[in-house]
Amino acid sequence: MQKRGLNPSWLVRMAWRDSRKNRSRLFLFIASIVVGIAALVAIDSLSHNLRREIDLQAAELLGADLEISNRRPYTEEQIQLIDSLGGRRSEERRFTSMIFFPKNSGTRIIEVRALGGEFPYYGELNTEPATAGKSFRNGRQALVDQTLMLQFGARVGDSVRIGRTTFLIAGVLKGAPGQSGVSASVAPVVYIPLATLPQTGLEQKGSRINYRYYIKWDQPVDMQAVEKRIEEPFELEGINWDTVESQKEDTSRSFRDVIRFLSLVAFIALLLGCIGVASAIQIYIREKISTIAVLRCLGATATQAFFIYLIQIIAIGFIGSLIGAILGTLVQQALPVVLKDLLPVAVSATISWPSILQGIVMGVVIAVLFALLPLVSIRKISPLNTLRISFQQSSTLKDPLKWLVYMLLFLFVVVFAYLQVEGLRQAIVFTTGVVVSFLVLSGIAALLMWVVRKFFPVSWSFLFRQGVANLYRPNNQTRILIVSIGLGTALICTLFFIQGILLNRVSLAATDQQPNMVLFDIQSAQRDSLVSLARQQGLPADGTVPIVTMRLEAINQITPATLRQDSTLKMQRWVFSREYRVTFRDSLISSEKLKKGKWTGHVQEGDPIFVSLEEGFAERNSIAIGDTMHFNVQGVVMPTIVGSLRSVDWNRMQTNFLVVFPSGVLEEAPQFHVLLTRVPSVEASARFQQAVVRQFPNISIIDLGLVLSILNDIMDKIGFVIRFMAAFSILTGLIVLIASVLISKYQRMQENVLLRTLGAQSRQVFIITALEYFILGAMAAATGIFLAVISSWALAEYMFETTFTPQILPVVIVFFTICFVTVAIGLFNSRSALSRPPLEILRQEV
Amino acid sequence: MASILSVQNVRKTYQSGDRTLPVLDNINLSVEPGSTLAIVGPSGSGKTTLLGLCAGLDRATSGTIALHNIVLDNLNENQRAQVRNEHVGFIFQNFQLIPTLTALENVMVPLELRGEKNIKPIAMELLDKVGLAERGHHYPTQLSGGEQQRVSLARAFSNNPKILFADEPTGNLDAETSDKIVAMLFELNRERGTTLVLVTHDMELASKTGRIVRIKGGKIISDEPVMTPIP
């Protein structure tokens with residue numbers, strides 16, 4: 001017998017013919033992936049455009065060719081080295097301080113940037129009026145961040161006081177090189193001329209000032225050669241520098257993480273859609289059993305039958321992906337607006353063809369992969385089904401091809417995740433997380449179906465029993481809806497809960513007797529007067545905490561140079577470059593516990609100095625009891641021995657330190673002090689802040705109210721972006737819901753029509769349908785909320801170490817909204833069974 | 001004359017949990033080319049199972065079935081599909097037209113599966129023969145039950161089968177329509193020299209064939225020629 005070929009042209013023709021009466025349904029299946037593809041294409045296009053803009057605007061991000069920054073004043077040698085680099089140069093000093101608005105006595109902590117020179121050399125200070133960016137440099141004038149202006153109702157021409165000096169507001173600062181909306185939330189920026197800094201009295205010994213130089217060369221310079229010259233001396237001294245190229249890399253790197261996160265969220269939406277596709281195709285294939293059996297009877301091979309439907313899936317997968325890509329390109333126009341507070345550069349929404357192509361290929365591949373799960377069952381459909389319908393779905397466990405498909409799916413998700421996160425371990429963790437979430441949701445759906453079936457309410461009225469029974473009958477939508485809607489709900493609710501946990505955690509501090517205000521940058525001479533000022537206002541002030549800044553020069557024999565050369569050393573790279581803020585005292589405080597070694601509270605001159613380290617810091621840098629550490633205390637090298645390790649409760653608003661010295665060593669070192677106090681009300685806080693700013697203009701104040709408002713602001717900005725992305729999952733869930741309802745419409749329709757034929761009234765069919773969808777919506781929403789509560793509780797308990805109390809009202813709103821939408825979609829799609837004559841529907845739907 | 005269908009010692013069982021259910025036991029049958037045969041018996045006697053085995057839709061548990069001298073036992077599913085396509089025609093009780101294909105396309109499918117060209121005139125001629133030339137572009141849902149079975153007849157003969165298997169071909173039709181369909185079936189059968197094997201409960205229809213095989217409890221209880229087939 002001569003073997004026949006596959007006959008591809010006939011396969012295509014049959015696929016086309018077979019799809020005739022199903023095209024709208026097929027499109028509906030694939031609509032589930034449209035949203036996911038749209039999200040991916042939008043994010044990927046944004047990523048492309050962002051990369052291009054960062055490349056184009058890298059110089060504007062830095063504002064110069066080279067930026068040098070140091071936490072201490074530069075030494076003579078360092079200045080000579082900087083001088084030798086040539087070019088034009090601007091100088092800046094950055095530090096936190098308080099601003100005072102005399103018009104309404106408002107005060108707030110800000111970042112002061114005292115600027116001298118023509119910086120920025122690339123781009124500009126975006127100000128209102130535009131000329132203020134240059135004109136403020138002449139005299140005692142300031143540029144004040146626009147949010148700060150709004151917050152205190154200030155106008156251009158008003159006065160502000162910083163330190164001891166009053167400045168005229170020359171303009172509103174809308175943007176500076178490399179600044180995003182979020183960074184402005186934390187510490188709003190105020191520019192003042194560098195020449196006016198001494199008048200403010202804020203530059204004193206021990207002040208926490210960041211000293212910066214910006215260099216611009218008018219002729220092209222070999223930047224690699226420049227970096228080579230400064231690398232060693234700067235690195236050893238902990239001086240940082242940035243070039244246009246490194247700034248480009250840093251910005252790209254930080255945004256790669258954001259883009260990756262958003263891509264993964266979009267990918268979850270796509271996966272949800274794919275599950276919808278697989279579920280829909282399964283029902284579709286079940287309906288096609290007789291057609292496939294007839295074809296097999298007439299001589300079509302199993303492979304031919306399989307290919308007929310595979311071709312349909314490829315075709316609709318392509319169309320769906322194309323629509324998704326177009327939609328994604330449109331959505332991308334909105335992304336720069338959504339992300340404006342996070343983006344460091346203005347991004348134009350240009351069409352990205354590689355992203356579109358990638359989206360289409362991805363859509364087709366993933367639609368086919370997921371559709372393969374039900375499609376491989378076609379091979380098992382016997383021609384005997386023409387004589388009697390005896391099709392039994394092949395057991396997943398027994399079909400090796402299904403296992404192969406599962407493996408391919410897992411691999412696909414791993415590969416996609418790997419391309420996003422560029423780490424195999426993280427990719428596997430992500431994939432496993434997704435699989436586990438899906439399995440948990442699916443398991444909960446199965447459990448609920450089992451519970452409903454097991455404890456079926458036989459005594460209820462017929463209408464209720466009918467509605468409830470639909471949950472576990474053949475072709476039910478319970479599993480797919482709980483997975484898709486549940487996951488979307490879980491995403492949204494978890495985000496909401498986390499926001500609540502973070503805010504709650506900060507607010508909690510306000511409820512007990514813990515301090516809620518920190519005053520820092522207190523000079524030694526100001527200590528007593530400040531404490532008595534606090535006491536005069538009735539505020540608790542038990543004393544100040546001294547802080548000495550220092551750098552670490554060596555741990556045992558390891559120096560920055562050896563750490564750089566030996567990559568096997570288990571130490572954090574910044575262990576030597578960071579500035580250590582250290583205190584000294586003779587006893588542990590309530591937030592600390594001794595974990596190892598012996599606490600030394602006081603040493604005599606000439607004795608070995610035993611310091612105490614926070615245990616996590618010691619562990620991360622492989623430091624043990626008895627190790628030696630050489631600290632450079634503002635020019636004086638001080639050898640110490642690690643005497644003890646402490647655990648520290650960082651959650652408490654207290655002055656906690658990585659390194660604590662015993663008393664008797666640092667008393668004479670340049671230092672500043674911190675005072676913790678508790679203000680009973682907003683008014684008391686404002687009154688005290690005004691008094692401090694007036695009397696001690698160099699002292700910075702941060703209170704819990706400010707922390708809460710900053711946190712709220714940041715959460716709002718980041719939360720909006722995440723909500724925007726989670727909306728794709730919700731939208732996908734809704735489309736899957738619509739698709740599921742329409743796909744099973746025929747089965748439901750037959751039942752409903754039969755009920756109506758037997759005399760059921762429209763109202764009764766309406767109640768049965770509404771009840772079924774209400775239970776489905778309620779189960780999906782409840783499962784999602786349940787998962788969100790569990791995951792938020794775990795996060796609160798183990799990560800944020802706080803208590804978690806879910807807010808009831810928003811949860812109730814989410815729950816009923818989802819129930820309402822589910823019932824509305826269910827009823828809308830079943831309306832023909834309610835209003836039209838039964839025979840007409842039966843005839844039409846066959 | 002060599003038989004077109006040979007069934008030797010065929011046994012068919014199904015597994016139901018731990019139990020083995022016998023459906024057919026020791027079936028022996030031989031059908032000559034061009035002849036007509038009816039398999040009759042009560043519900044559940046195994047007649048449809050026998051039809052399925054003879055047509056190569058299923059495998060026997062033991063025994064040998066040869067169709068047009070091709071032994072089906074050792075063929076895989078794809079090879080049996082090819083045998084069906086080249087030598088077998090089918091008529092079903094519930095017509096089994098593909099709902100998404102027009103009447104004409106339904107008739108064309110067996111020929112298309114063979115990869116034949118210019119098949120539309122052949123399919124049209126067959127539709128004309130069953131009186132549906134004007135309805136070629138209608139979908140099955142737009143046709144009455146009788147019309148659907150006529151399309152099914154046209155499809156069954158489209159690949160010039162050596163043997164035609166019919167499973168209760170009039171089971172879903174009224175008496176008047178049944179008569180017309182039966183008349184067409186036998187006419188086409190005579191005209192094309194096709195062998196006809198039909199399964200039915202209807203003794204009047206069975207008596208129109210040349211031979212009646214009675215099955216009960218999975219066994220042939222009689223195999224007798226019909227002396228004077230009713231025309």
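1. Two residues are in contact if their C-beta atoms, placed from the backbone, lie within 7 Å. Keep that in mind for A:Val693, which touches A:Met98, A:Phe100 and A:Thr107 once its neighbours within four places in sequence are set aside. A:Val693 sits in helix H20 (residues 682-695) of chain A; helices (H or I, at least four residues) and strands (E, at least two) are DSSP runs, numbered from the N terminus. Its surroundings are well filled: A:Val693 has 24 other C-beta atoms within 10 Å, so it is buried. That word has a cut-off: a residue is buried if 20 or more other C-beta atoms lie within 10 Å of its own, exposed if 12 or fewer, and partly exposed in between, with C-beta atoms placed from the backbone. As for A:Met517, its C-alpha atom is 14 Å from that of A:Val693, with their positions 176 residues apart along the chain.

2. A word on what you are looking at. This is a predicted model, where local features need pLDDT of at least 70 and side-chain atom pairs count only at pLDDT 80 or more, while totals for chains, interfaces and linings use all residues. Residues are numbered from 1 along each chain as its sequence is written, and chains are lettered from A and ligands numbered from 1 in the order in which they are written.

3. Now step back to chain A as a whole. You will find 26 helices and 20 strands in chain A. Its C-alpha trace spans about 100 × 65 × 60 Å along the principal axes. Of the 846 residues in chain A, 41% are buried. If you take the contacts in chain A with a separation of 6 or more, 85% of them are between residues 24 or more positions apart.

4. Helix H24 (residues 808-829) of chain A is a good one to trace by eye. With 22 residues, H24(A) reaches 32 Å from its first C-alpha to its last, close to the 32 Å expected at 1.5 Å a residue (the expected span is 1.5 Å times one less than the number of residues). Which residues of H24(A) are buried? They are A:Ile818, A:Cys819, A:Thr822, A:Val823, A:Gly826 and A:Asn829. These residues cover an arc of only 145° around the axis, so they lie on the same side of H24(A); the arc is that of the directions from the helix axis to the C-beta atoms. Turned away from that buried side is a face with the exposed residues A:Leu809, A:Ile813 and A:Phe828.

5. Next, look at strand E17 (residues 636-648) of chain A and its partners. Two strands pair if DSSP finds at least two bridges between them. Strand E14 (residues 592-597) of chain A runs antiparallel to E17(A), joined by five bridges, and A:Leu594 has A:Arg646 as its bridge partner in E17(A). Strand E15 (residues 610-614) of chain A pairs with E17(A) in the parallel sense, also over five bridges; here A:Val611 is matched with A:Val642. Strand E16 (residues 628-633) of chain A is antiparallel to E17(A), with six bridges, one of them placing A:Met629 with A:Thr640. The hairpin of E16(A) and E17(A) has two residues between the strands, and A:Gln634 there takes a positive phi near 45°.

6. Chain B has a sheet worth following too. Six strands form this open sheet, in the order E6-E7-E8-E3-E9-E10, with mixed pairing. Strands E6 (88-91) and E10 (219-225) of chain B are at the edges with a single partner strand each, so one side of each has no neighbour in the sheet. On average, neighbouring strands are turned by 15° against each other, direction ignored (axes are lines fitted to C-alpha atoms, for helices over the stretch in contact, and angles run from 0 to 180 degrees between N-to-C directions).

7. Within that sheet, pick out strand E3 (residues 36-40) of chain B. E3(B) runs parallel to strand E8 (residues 195-200) of chain B over five bridges, and B:Ile39 is partnered with B:Val199. E3(B) also pairs in the parallel sense with strand E9 (residues 211-216) of chain B, over three bridges, where B:Ala38 stands opposite B:Ile212. Is E3(B) enclosed or left open? Five of its five residues are buried, so E3(B) is largely enclosed by the rest of the structure. The buried residues are B:Thr36, B:Ala38 and B:Val40 on one side, with B:Leu37 and B:Ile39 on the other.
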